[in-house]
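Subject: Structure for you to look through

Hello,

Here is the structure I said I would pass on. Please open it beside this email and follow along as you read.

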Amino acid sequence: MSDGFTAEGGHGAVPTAGVETGEGKPKRRSWPLYEVFVRGKRGLNHVHVGSLHAADDEMALHNARDVYTRRNEGVSIWVVKADDIRASSPDEKDAFFDPAGDKVYRHPTFYAIPEDVPHL
């Protein structure tokens with residue numbers, strides 16, 4: 001409206017002069033998708049807990065904290081753009097993992113474990 005008022009939200013005439021409109025910022029629909037990984041207080045590894053859209057990395061980190069660690073259950077958060085994740089295909093698992101089969105030194109059976117080591 002040209003008079004500086006709007007009835008947006010069904011609350012009657014609301015002044016819009018001086019209110020930030022978000023012009024020039026990316027629309028939410030165009031925000032990239034981030035995958036969120038959280039390491040719990042008792043965990044040793046990060047676990048995928050969900051996804052969210054954010055305008056940038058910093059916003060993704062803050063939103064992930066607010067959404068996925070509301071009860072102080074996390075000690076570390078990773079956010080990764082979904083477009084940056086590369087994964088192997090389960091259909092190609094045999095060909096993809098075959099090269100590791102001939103490297104016996106990578107298997108724990110190759111090493112002698114001392115008896116005084118409690119657990120490994």
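There is one salt bridge in the structure. It joins the side chains of Arg65 and Asp66, with 3.0 Å from N to O. In general, side chains of opposite charge can pair when their charged atoms come close. Arg65 has a relative accessibility of 40%, so it counts as partly exposed. Asp66 counts as partly exposed too, because its relative accessibility is 42%. Please keep in mind that this is a predicted model, and that applies to everything below as well.

Next, the sheet. In what order do the three strands of the open sheet stand? The order is E4-E3-E5, and the pairing is antiparallel. Strand E4 covers residues 47-53 and strand E5 covers 74-81; each has a single partner strand, so both stand at the edges and one side of each is left without a neighbour in the sheet. Neighbouring strands of this sheet are turned against each other by 25 degrees on average, if direction is ignored. As background, strands of a sheet pair through backbone hydrogen bonds, either parallel or antiparallel.

Strand E3 is made up of residues 33-40, and its antiparallel pairing with E5 has seven bridges. Two of the bridge pairs are easy to look up: Val36 has Val79 of E5 as its partner, and Phe37 has Trp78 of E5. Towards E4, strand E3 is joined by six bridges, and these two strands also run antiparallel. Here Tyr34 stands opposite Leu52 in E4. The link from E3 to E4 is a hairpin of six residues.

His46 sits in that loop between E3 and E4. Which side chains make polar contacts with the side chain of His46? One is the side chain of Ser76, at 2.8 Å. Another is the side chain of Trp78, at 3.3 Å. Leaving out residues up to four places away in sequence, His46 touches Phe37, Val38, Arg39, Ser76, Ile77 and Trp78.

Now the interior. Which residues make up the largest nonpolar core? There are seven: Tyr34, Val36, Val38, Leu52, Ala54, Ala60 and Ala64. Two elements, E3 and helix H1 (57-68), give two or more residues to this core. E3 gives the most, with three residues.

Tyr34, a member of this core, is worth selecting on its own. If neighbours within four places in sequence are left aside, the contacts of Tyr34 include Leu52, Ala54 and Ala60. Among its other contacts are Gly50, Ser51, Asp56 and Asp57, and also Val79, Val80, Lys81 and Ala82.

Last, look at Trp31. Is this residue buried or exposed? Trp31 counts as buried, because its relative accessibility is 17% and the cut-off for buried is under 20%. Trp31 is found in the loop between strand E2 (14-15) and E3. Trp31 and Ala54 are 23 residues apart along the chain, yet their C-alpha atoms are separated by 5.4 Å. Ala54 also belongs to the nonpolar core listed above.

To go over it again, I would start with the strand order E4-E3-E5, then find the hairpin between E3 and E4, and finish with the salt bridge of Arg65 and Asp66.

Regards

How values were computed:
Residues numbered from 1 in each chain as written. Predicted model: local features only at pLDDT ≥ 70, side-chain atom pairs only at ≥ 80, totals over all residues. Heavy atoms only, no water. Pairing = 2+ DSSP bridges. Helix = DSSP H or I, 4+ residues; strand = E, 2+ residues; numbered from the N terminus. Axes fitted to C-alpha atoms, helices over the stretch in contact; angles between N-to-C directions. Buried < 20%, exposed > 50% of the residue type's maximum accessible area, 1.4 Å probe, protein only. Core = buried A, V, L, I, M, F, W, Y, C linked by side-chain atoms within 4.5 Å. Contact = heavy atoms within 4.5 Å. Polar contact = N/O pair within 3.5 Å; in protein donor to acceptor, adjacent residues only side chain to side chain. Salt bridge = Lys/Arg side-chain N within 4 Å of Asp/Glu carboxyl O.
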